[in-house]
Amino acid sequence: MTLVLFLEQTLNGLQLGIMLFLMAAGLTLVFGIMHLINLAHGSLYMVGAYVTASATMASGNFAIGVAAGVLAAGAAGILVELLALRRLYGRDHLDQVLATFGVILTFNELTKIVWGPHALFMAIPDTLSGTIEVLPGVPYPAYRLFIIGVGLMVCVGLRHLIVNTRLGMLIRAGATHREMVGALGVNIDRLFTWVFGIGAMLAGLAGAMAGPMLAIEVGMGESILILTFVVIIIGGIGSVRGALVGALLVGIVDTYGRAFLPLIMRSVLDPAAADSVGASISSVTIYLLMAMVLIWRPRGLFQAYGG
Amino acid sequence: MKNFRSLAAVMAALFMTANAASAEPVKIGMITTLSGGGAGLGIDIRDGFELALKQRGGKLGGAETEFIVVDDARKVENAKQIATRMIKQDDVDVVTGIVWSNLAMAVVPSVTRAGKIYISPNAGPSALAGAKCHENYFNVAWQNDNLHEAMGQFVTDQGFKSVYLMAPNYPAGKDALAGFKRFYKGAVAGEVYTKLGQTDYAAEIANLRAAEPDAVFFFLPGGMGINFVKQYAQAGLISETPLYGPAFSFDEGILKAVGEAAVGTFNTSQYSHDLDNDANRAFVAAFMEAYGRKPSLYASQGYDAALLLDSAIAKVNGNVDDIDAFREALRAADFASVRGAFKFGPNHHPIQDIYVREVVRDGDTVTNKLVGKVFTDHADAYAADCKM
């Protein structure tokens with residue numbers, strides 16, 4: 001293994017982490033602030049991907065497609081919040097899991113009715129389709145670099161929103177002193193709808209970014225949702241900073257596991273066994289990471305705002 | 001008294017004819033993947049099967065047929081539960097439909113042990129073809145290794161000396177690489193097992209590039225194949241290091257989703273929509289009219305599963321409860337397969353030709369085109385281990 005390969009894998013890990021962060025930021029806000037377990041977050045990701053693919057195809061413009069995907073996911077999120085989830089805030093987590101699982105099934109069926117059961121095609125925009133030599137001898141896909149850029153921009157934007165704006169202040173206050181914020185005359189219901197809408201738009205953005213790279217198919221949200229939950233548990237529920245650190249950790253650990261574990265196993269086992277043992281262990285590395293973090297810090301790396 | 005006797009005889013006769021007319025329909029249970037990742041495969045199999053059923057007015061072999069389809073969502077637990085319900089509660093005569101080998105391994109032995117017939121329209125794990133074969137188990141598609149074996153031969157014939165191998169970490173993935181290596185004579189540049197249902201392949205692609213192989217052989221069915229081919233093309237590798245795989249990595253569903261990126265690659269299959277025989281021409285036309293898309297190999301396998309049942313049920317006049325006769329009728333495989341010549345080997349797995357297809361542009365779409373034949377009357381490598 002060379003240093004260049006190691007650096008390339010690190011970049012791959014970062015990129016996967018950024019992708020997970022887009023999902024985790026919204027989920028952790030909703031979970032931390034509204035105390036709602038939203039399994040349907042993955043469905044909003046799917047809506048983002050499908051609408052982006054369709055709108056890009058129709059308009060021939062990737063930027064228009066992404067905007068449509070993000071807005072559609074936001075709208076779908078707000079609609080779901082108003083129609084279904086609003087009734088669940090006071091209920092226990094099991095009810096929420098059950099109800100939002102129902103929302104997943106509904107979205108999956110609706111998607112199948114609207115777009116059909118087979119995966120959708122989505123081309124990568126021409127300007128982002130090539131590779132860029134980031135390291136000597138390593139042509140890296142331009143599109144993956146673009147995702148890293150978008151993710152970092154979202155990071156900065158979210159930080160600004162939470163630290164410097166009135167909405168951000170209310171979000172922080174709502175997370176820790178919900179009743180007090182309500183008593184001071186803030187419309188908590190509307191605040192929650194806003195938070196949910198922002199979370200949904202972030203999930204939609206993640207879906208839109210994933211479209212050109214992944215299979216756009218029914219159920220695509222579920223596989224990323226599990227990773228996203230691991231991320232927010234590692235990062236500390238409710239903390240956006242925790243979501244960023246958790247996402248990057250999960251991205252890098254997962255990538256290193258897949259890239260290097262089989263190689264390491266080959267030095268101690270015979271090749272046939274090493275390949276399958278390495279593959280089996282690398283598929284659980286992030287869960288091992290989660291277990292270790294929880295032993296060390298039972299509430300995750302970053303506790304949400306004073307909570 | 002005499003009158004009474006004749007009345008009784010008439011009544012008995014009436015009763016018997018009524019009984020014959022309302023004979024139990026043949027019950028067929030299909031367990032397949034209709035939702036989540038990999039749903040495209042199960043939907044193709046179901047659509048193929050249902051097309052054959054529709055063409056025969058809802059009857060197979062002239063007998064009333066009750067067809068139950070249940071979604072397993074590619075989960076082993078679901079498939080086992082559904083199978084138990086179909087055997088114990090619905091009392092089906094035949095079970096079919098499973099797409100994935102890990103599900104098949106969990107379900108098929110309990111179905112065959114319960115005295116039911118299982119017809120596999122897809123998964124053909126090596127264990128069920130060899131030591132764990134069963135007289136009630138028939139595979140109408142292929143043994144898992146077969147298409148990969150053909151690609152091993154084809155890649156060797158093309159003169160490649162160093163090939164990188166990739167497959168998911170589950171029984172069919174192991175069978176795939178074992179099959180490929182059985183006929184591939186060059187060196188293996190690397191061998192990677194990935195997670196079933198994996199979405200991101202950046203780490204694997206970086207390792208692959210570093211290994212500098214001449215070619216890549218990959219078995220990634222359904223959404224996994226779409227993810228990999230898209231990302232491989234984006235890494236700029238497709239023109240440098242060509243991709244080869246079984247038809248599972250290049251079925252019509254995958255080609256529709258990856259588009260131009262796959263043009264110029266080769267894959268091996270027992271079926272192609274442009275196979276030139278009467279049964280296939282009729283099938284392709286009917287399928288396209290019914291569903292508005294080209295049939296994939298999965299659809300052809302679902303259709304052939306129904307045709308096989310149709311032929312066997314007709315031979316036993318709908319009396320599938322006589323399982324020995326029914327089994328013999330199935331073994332005869334007396335139907336016109338859309339792939340052309342077809343017969344069962346001693347372990348109830350196909351003996352068939354395997355072709356190579358090239359991915360080509362066809363107007364606005366991308367599709368498979370038959371370009372040659374790799375094996376004639378190819379049988380699997382496990383038949384000798386099967387004691388029936």
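A residue is called buried here if 20 or more other C-beta atoms lie within 10 Å of its own. Keep that in mind for these close-ups of a predicted model.

**View 1. Helix 8 of chain B is mostly covered.** This helix runs over residues 202-211, and eight of its 10 residues are buried. Look for B:Ala202, B:Ala203, B:Glu204, B:Ile205, B:Ala206, B:Asn207, B:Leu208 and B:Arg209, which are the buried ones. Just past the end of the helix, B:Glu212 has a positive phi of about 50 degrees.

**View 2. Both chains help to cover helix 8 of chain B.** From chain A, the cover includes helix 1 and helix 10. Chain B itself adds strand 7 (162-168), strand 8 (187-194), strand 9 (215-218) and helix 9 (223-234).

**View 3. Here chain A meets chain B.** On one side are 35 residues of chain A, in contact with 33 residues of chain B. Helix 1 (3-34), strand 2 (138-141), helix 9 (220-235), helix 10 (240-266) and helix 11 (271-282) of chain A each bring at least two residues to the side touching chain B. Helix 1 of chain A gives the largest share, six residues. Sort chain A's side by class and you get 18 nonpolar, 12 polar and five charged residues.

**View 4. Chain B has 13 helices and 14 strands.** Its C-alpha atoms fill a box of roughly 95 × 45 × 35 Å along the principal axes. A compact globule of 388 residues would have a radius of gyration near 21 Å, so the 22 Å of chain B agrees with that. Buried residues make up 57% of chain B. Of the contacts in chain B between residues at least 6 apart in sequence, 73% join residues at least 24 apart.

Technical notes. Residues numbered from 1 in each chain as written. Chains lettered and ligands numbered in written order. Predicted model: local features only at pLDDT ≥ 70, side-chain atom pairs only at ≥ 80, totals over all residues. Contact = placed C-beta atoms within 7 Å. Helix = DSSP H or I, 4+ residues; strand = E, 2+ residues; numbered from the N terminus. Nonpolar A, V, L, I, M, F, W, Y, C, P; charged D, E, K, R; others polar. Rg over C-alpha atoms; globule rule 2.2 N^0.38 Å. Buried ≥ 20, exposed ≤ 12 C-beta atoms within 10 Å, placed from the backbone.
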